[in-house]
Each structure stands twice: as C-alpha cells, then as structure tokens.
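Me: I have a model open and want a quick walk through it. Can you take my questions as they come?

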Amino acid sequence: MGPLVSAALVLTLLVPALLLTQEPRDLPTMERVPSLSVRFDPWRMNLTWDCGENTTSVQCGMTTRRKGPVTMRLKENQCHCTFPRAVLRGGANFTVTATIGPRQVTERLSYSNPGGQGTAAQNVSCLIYKADFMNCTWDKGPAAPDNVQYSLHIRDLRSGSKRECPRYLGDAGTTHVGCHLQGASAFGSEIYVLVNGTSPSAGIQFFDDTLMLKKIEIYDPPDNITIECNASHCVLQWDTPRIRVFLSNWELQYQLDIQRQNSMQPSDHQLVDISGGWRNTYVFQKPLPRANHAVRMRAADSRLLQWGPWSQPVEFGSGEWLSGAFFISMVILGTLACVPIFLFLFNRFVGVPIPRVKDKVNNDYLTDDEIIWEKFTPDTGKGDHEEVFHVEEIEESTAKV
C-alpha cells in the first residue's frame, strides 16, 4: 500500500470525526422564560415584582374600564410602581416590562372582582352636610344572600389615611344599609370609598368609587339674615354659611324666595338668584304702604348649583308702615275724615241746631228768614201813585118806637 493510499484512508476517517465534534450553531435552543412574579395590592394600588441581579425594569401599566390605559416609566432598579387611585370593581389588567440579561420580558396580570354577580352593594351615595358630617347609604345587592353584611372603608387620597365607618345605619343584627360619620372637614378634596361584603354562604363582590367632596357637599343656609326698611325699599343682609373648605364670595351663589303673605298671585312670589360679592346684600324695592312679606334663602357652589336646604322664613313689612310719621299722618287723615260724619250723625239724631256763621261772601246771605221787598213789584200803570181809602166808623142809631 503506497503513501497516497494511506493518506486517503486517514482523511476518510478524520472527516466524519470532525463533523461529529462540530456544534450545530444554526439550530435554535429552547430556554425557560424567566418569571417576574407580579403581585398587586388593590388597597394601596401598588404593583410589585421580583428583581434579580441582572433585571432592569422598563415600564409598568394599568388598564381599567373607567380610566383606560395608564403607563409609567420606571427607574433602572425599581421593582414596584404605584398607580393613581382607580375604580377597580370592573376589574383591571396590569403589565410589567423588564430586561433580564439580554432578553426583554413583558408579564401580565389580571385582577378581577371576586364573588357572584349582583351581590355587591348598589345605589351607593354619600352626602356631606353642616361642613363636618357625612352620610353614605346603599342597597343590598339583588343576588346577595340574606346573611350578607357590608362594611364601609374610606381612604383620604391626599393624606393616605383610612377610616372604617364608626356608626352603621340599620337595625341591630340586620344588614348594614348606610353609615354616619363625623370629621369630614379633615378630608382632602377627594376620597376613595370601598364597600366590602361578606357572607358565610356565598362570595360577595365589592363596590368602590372615588368621590370629589365638593360635588357631594350641600351648604347650610346663610346665617343671621337681617332686614332694614325705609319708605322706598328694604335692604336684606346675611352672613356667609359655614363650608367645609374655604371658598371666596365670588364662588358662591344665593337664592332668595320672597313671598307676599296671604297672596296666591304669581306676581307676589319672587325667586331671585344673586352672585356672591364684596357684600352679602340685596335691595328689595317696595315703597310704602308695604304688605307683609317673608323671605327665605339657600346657598350653593356657583359652578355646581347643588342647592342646600332653605333657611327659616324671616318676615318683614308687618307693622312697620303703621309706625313713625306714617302712623301720625294716618291718624290725622282718619280724624279729618270722621269729623263730617260725626257732625252729620249728631245733627240727625240729637236734633239741636248748631249755630252757623253767616256767609258774607255769598249773595244770598239775606235770604234767610227775611222778606225780599224787591220781589213785590207794583202793578203796571200804577207807578208810584197809590189810592187811599178812608174808613170811618158809623155808629148805629137806635130807633124809638
């Protein structure tokens, strides 16, 4: 066997060996996708995940029915994000995008409202009054069992403090249907309300919502309503009502209900809207004589016009026109009007003639009980000559027989 044959035999044996030892670089390899273990705390609105040594966070996101998608960029070594308070009763979806080694990973988490449909509290509403008190009421869910029990929790979105209802509304041993609490003046501008439900026989869904306090506050009526009147008008003044947070007078709106008492005419009933200003004043133009009127007032935020209750009515106009100079003038006029009536009645029923003063101006002053000789005119043709007749007395003679 020659050298060429030996070399060919060696090459034939080495080529397969080299092919077997070469790695298949063009074939893909299956690697395990790392998990971030995303977790969500609904009360704190906090999303967290695991961060390893080679993990770099990129962004996190939340999507809800009411607000839609919200995305937050993260710092390099940040392993959590806190979202703005959102309503979660309709569920939410969360995403976290991070870089692990050379690979970018996006992990998703769905958050749902556990419990049966129709078991959550319904028709939840809250109202702030007298600046410091708040009432919340609700109805039992139509699908909730009879042994369901609800509890109310409030979180101040400004300070982060939270409170549970100190006093529930409803009979003892029955389902709570409301809450009464004091201290609403300490809240910020917005709160988060959560009504949880529990039952030994079924899962109960929760109800949650965010409330702007200025939209649920009703103002007390104005204080210290005073009215001063003169002969031409009346001036109404009042004090600004107590409000939970400070508002300037220009942000307030007042409504006056002025009614003339004992009158059913629409023109005697005025509803007046007044914007706040430097002075809480209204001029009611009503000259004397002025009938009895009554006014009541209420207040509201000029941007919302959610009117509060009416004040107690304040009367004005009764008796004031019977005082002072007007009273004196009325007495004088009444006296003058009664004098002729009194004289007529006295002359008519008593019968004593009252001496009268002769009217020297009137041409007929001589006609009273006197004879007007000029009315006896002489006959025609006689002129001033008068016939004189002499009458003699004739004595009757006595005849002698």
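**Contacts and overall make-up**

Reply: Start with contacts. Take pairs in the protein chain that are at least 6 residues apart in sequence: 60% of those contacts join residues at least 24 apart. Keep in mind that this is a predicted model.

Me: What does the secondary structure of the protein chain come to?

Reply: Three helices and 22 strands.

Me: How much of the chain counts as buried?

Reply: 30% of the 401 residues.

Me: And what area does the protein chain expose?

Reply: About 27700 Å². Carbon and sulfur atoms supply 55% of that area.

Me: Let's do sheets. What is the order in the open sheet of three strands?

Reply: The order is 16-17-20, with antiparallel pairing. Strand 16 (223-229) and strand 20 (281-285) are the edge strands, each pairing on one side only. Neighbouring strands there are turned by 20° against each other on average, ignoring direction.

Me: How many bridges hold strand 16 to strand 17?

Reply: Five, in the antiparallel sense, with strand 17 covering residues 233-239. One facing pair is Thr226 and Gln237, the latter in strand 17.

Me: I clicked on Val283. Where does it lie?

Reply: In strand 20.

Me: Why is it called partly exposed?

Reply: Because Val283 has a relative accessible area of 37%, and that class runs between the 20% limit for buried and the 50% limit for exposed.

Me: What does Val283 touch, leaving out residues up to four places away in sequence?

Reply: His233, Cys234 and Val235.

Me: How far is Val283 from Ile227?

Reply: In sequence, 56 residues. In space, the C-alpha to C-alpha distance is 9.6 Å.

Me: Next, strand 18. Is it mostly covered or mostly open?

Reply: Mostly covered. Strand 18 spans residues 252-260, and seven of its nine residues are buried.

Me: Which strands are joined to strand 18 by bridges?

Reply: Strand 21 (residues 293-301) is joined to strand 18 by nine bridges. Strand 19 (residues 269-275) is joined to strand 18 by seven. Strands 18 and 21 run antiparallel, and so do strands 18 and 19.

Me: Which residues can I use as markers? Start with what stands opposite Gln253.

Reply: Ala300 in strand 21. For the other pairing, take Gln259, whose bridge partner in strand 19 is His269.

Me: Back to open sheets. What is the order in the one with four strands?

Reply: It reads 4-3-6-7, and the pairing is antiparallel.

Me: Why is one side of strand 4 and of strand 7 left without a neighbour?

Reply: Because strand 4 (68-73) and strand 7 (103-111) stand at the edges of the sheet, each with a single partner strand. The twist averages 15° from one strand to the next.

Me: How many bridges are there between strands 3 and 4?

Reply: Six, with strand 3 (residues 55-64) and strand 4 pairing in the antiparallel sense. Thr63 stands opposite Pro69 in strand 4.

Me: Last topic, the surface. Which residues form the nonpolar patch?

Reply: Ile332, Leu333 and Leu336. Together they have about 310 Å² of accessible area.

Me: Which helix is Leu336 found in?

Reply: Helix 3, residues 324-349.

Me: Why does Leu336 count as exposed?

Reply: Because its relative accessible area is 56%, and exposed means over 50%.

Conventions
Residues are numbered from 1 along each chain as its sequence is written. This is a predicted model: local features need pLDDT of at least 70, side-chain atom pairs count only at pLDDT 80 or more; totals for chains, interfaces and linings use all residues. Side-chain values use heavy atoms; hydrogens and water are left out. Two strands pair if DSSP finds at least two bridges between them. Helices (H or I, at least four residues) and strands (E, at least two) are DSSP runs, numbered from the N terminus. Axes are lines fitted to C-alpha atoms, for helices over the stretch in contact, and angles run from 0 to 180 degrees between N-to-C directions. Buried means under 20% relative accessible area, exposed over 50%, partly exposed in between (1.4 Å probe, protein chains only). Contact means heavy atoms within 4.5 Å. Accessible areas come from the Shrake-Rupley method with a 1.4 Å probe; for residues, only the protein chains shown count as cover. Patches are made of residues with over 30% relative accessible area and no salt bridge: like charges are joined within 9 Å, nonpolar side chains (Val, Leu, Ile, Met, Phe, Trp, Tyr) within 5 Å. A salt bridge is a side-chain nitrogen of Lys or Arg within 4 Å of a carboxyl oxygen of Asp or Glu.
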